Amino acid sequence: MLAFQGIANVAFVMAKPPSLIRAEQPLPPDLTAADRSISLGTATSSRRRDLVFVVNPRGANGRTGEQWKRLLPYLRSRLGSECNICESLTSGPCQAIDITREAIREGAHAVVAVGGDGTLHEVVNGFFWGGKPVSSHDPNASHRTAFGLIPLGTGSDFARTYGWKNDPHDAIDRIAMGLRSQVDVGVTSGESGEPHYFINEADIHLSAKAGYYASRYKKFGNLCYVIGALQAFFGHQNRNFRIKVDGGDWEVCSQVTALCVGNAKFFGGGMKIAPNAHPSSGNFEVVILQDFKWYDFILKLHKLYNGTHLSVKNVSSRSVQSIEVEEIVPSDSIYVQSDGEFLGFLPRKFCILPGAIEMIC
Ligand SMILES: Nc1ncnc2c1ncn2[C@@H]1O[C@H](COP(=O)(O)OP(=O)(O)OP(=O)(O)O)[C@@H](O)[C@H]1O
């Protein structure tokens with residue numbers, strides 16, 4: 001039996017068959033007693049997979065928690081005969097990171113993010129520690145832990161690249177199939193040097209500021225991105241950057257409105273900002289918008305949503321493995337975010353880690 005605990009407010013036992021997996025500490029009161037232990041069935045086959053579901057009950061303004069409860073019977077029927085299932089409800093930001101690390105160390109087959117891009121982002125960051133991948137305590141483990149996703153967030157932009165809808169039943173069917181693929185992960189470090197990982201995209205300046213504000217208005221659903229963008233426009237100024245691509249020479253990028261480093265295609269609740277990006281390509285697609293005025297967004301917004309903006313004047317795109325971005329005259333006020341999380345300000349370096357983790361697809 002593997003003890004799987006040590007995480008603030010969350011402790012449970014991940015037991016090898018035939019034991020049950022069960023939550024040992026009380027789960028939030030909105031779960032019924034029947035749901036507190038969701039190990040499904042008592043099969044004794046040693047081939048049972050250990051799946052850890054990391055649920056953000058506050059995702060999508062609380063809808064994630066409600067949908068998760070309704071989903072449990074289907075989860076039981078679909079996966080119960082072949083998997084040991086453990087649920088862990090987060091009680092606050094960043095907890096999903098610790099839960100994921102612990103699950104990997106204890107040898108879970110997969111850690112499934114149940115929520116939006118923010119929850120997925122934390123799960124992905126849990127695959128790393130001190131700049132290195134987290135590995136199982138068992139040196140003879142025959143499998144790598146993969147991540148999975150049940151997209152139940154507000155924007156759920158990562159899922160869009162794969163054409164996955166916010167239909168949790170489809171997601172469970174995918175997890176039941178258990179197909180895996182290797183995906184690239186982006187890593188960025190600021191002046192502190194501490195690495196920070198992202199799976200969907202990172203972005204700089206206006207779009208990052210819009211995302212920062214949007215996070216305050218999630219109760220309005222996808223409208224939060226429009227409100228965030230309007231708020232970000234106030235006081236916005238295009239700025240002169242320099243960039244260094246793949247270790248080459250510094251290049252000047254004047255009057256930058258926004259710069260996006262896409263590992264996947266979408267951000268902002270469905271904007272196809274990096275239409276040529278794909279998480280298995282081994283490259284980022286970097287898209288730079290220069291000298292945009294507020295009315296350009298109104299005139300060209302539909303192109304940003306459907307991914308046809310690359311042919312628009314003052315929009316450029318390139319495939320890169322690393323990019324460094326600085327302001328020519330540093331102002332310490334240029335926002336940077338990744339997967340919707342505010343990271344601070346420029347300067348920044350972004351690198352791709354090809355095939356760094358496996359995803360259930
Ligand atoms: N119990 C909790 N209470 C409050 N916030 C939480 C809790 N658990 C996790 N969080 C935070 O909520 C943030 C947003 O969650 P999540 O991404 O799942 O939903 P969303 O914001 O609605 O969706 P999206 O990011 O796709 O727009 C996460 O980044 C996480 O830090």
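How many bridges join S13 to strand S17, and which way do the two strands run? There are 5 bridges between S13 and S17 (residues 322-327), and the pair is antiparallel. Let's use that strand as a way into this predicted model. One of the pairings is easy to find by eye: Arg242 has Glu326 as its bridge partner in S17.

S13 (residues 239-245) has another partner to look at, strand S14 (residues 250-262), again antiparallel and again joined by 5 bridges. Here Arg239 is matched with Val256 of S14. S13 and S14 make a hairpin with 4 residues between them, and in its turn Asp246 has a positive phi of about 50°. When you follow these strands with side chains switched on, it helps to recall that side chains in a regular strand alternate between the two faces of the sheet.

Now step back to the whole chain. The protein's secondary structure comes to 9 helices and 20 strands. Of its 361 residues, 45% count as buried. Taking contacts between residues at least 6 apart in sequence, 72% join residues at least 24 apart. The domain assignment gives domain 1 (2-178) and domain 2 (189-355).

Where do these domains meet? The contact involves 15 residues of domain 1 and 21 residues of domain 2. On the domain 1 side, H4 and helix H5 (157-161) each supply at least two residues, and the largest share, 6 residues, comes from H4. By class, that side of domain 1 has 4 nonpolar, 8 polar and 3 charged residues.

Helix H4 (residues 117-125) deserves a second look, as it also provides the largest share of the shell around the ligand, with 4 residues. In total, 21 residues surround the ligand, and the closest are Gly59, Gly115, Gly116, Gly118 and Gly153. This shell has 3 nonpolar, 14 polar and 4 charged residues.

Turn next to the interior. In soluble globular proteins, nonpolar side chains tend to be buried together. The largest nonpolar core here has 85 residues, and Val54, Val111, Val112 and Phe147 have the most contacts inside it. Both domain 1 and domain 2 contribute at least three residues each to this core. Phe147 is a good place to centre the view: leaving out residues up to four places away in sequence, Phe147 touches Ala110, Val111, Ala113, Val123, Val124, Phe127, Ile357 and Met359.

Is helix H7 (residues 206-214) enclosed or open? Since 7 of its 9 residues are buried, H7 is largely enclosed by the rest of the structure. The buried residues are Leu206, Ser207, Ala208, Lys209, Ala210, Gly211 and Ala214. Their cover includes strand S12 (201-205), helix H8 (223-233), S14 and strand S18 (335-338), so S14 of the hairpin returns here as part of what covers H7.

Let's finish with Phe266, in the loop between S14 and strand S15 (284-290). Why is this loop residue counted as buried? Phe266 has 25 C-beta neighbours inside 10 Å, and 20 or more is enough to count as buried. Apart from neighbours within four places in sequence, Phe266 is in contact with Asp157, Arg160, Thr161, Met271, Lys272 and Ile273. Among those contacts, Asp157, Arg160 and Thr161 bring us back to H5 (157-161). For a sense of scale, Phe266 lies 30 Å from Cys86, C-alpha to C-alpha, with the two 180 residues apart in sequence.

Conventions. Residues numbered from 1 in each chain as written. Predicted model: local features only at pLDDT ≥ 70, side-chain atom pairs only at ≥ 80, totals over all residues. Near = placed C-beta within 6 Å. Nonpolar A, V, L, I, M, F, W, Y, C, P; charged D, E, K, R; others polar. Domains from an automatic or database assignment. Contact = placed C-beta atoms within 7 Å. Buried ≥ 20, exposed ≤ 12 C-beta atoms within 10 Å, placed from the backbone. Core = buried A, V, L, I, M, F, W, Y, C linked by C-beta atoms within 7 Å. Pairing = 2+ DSSP bridges.
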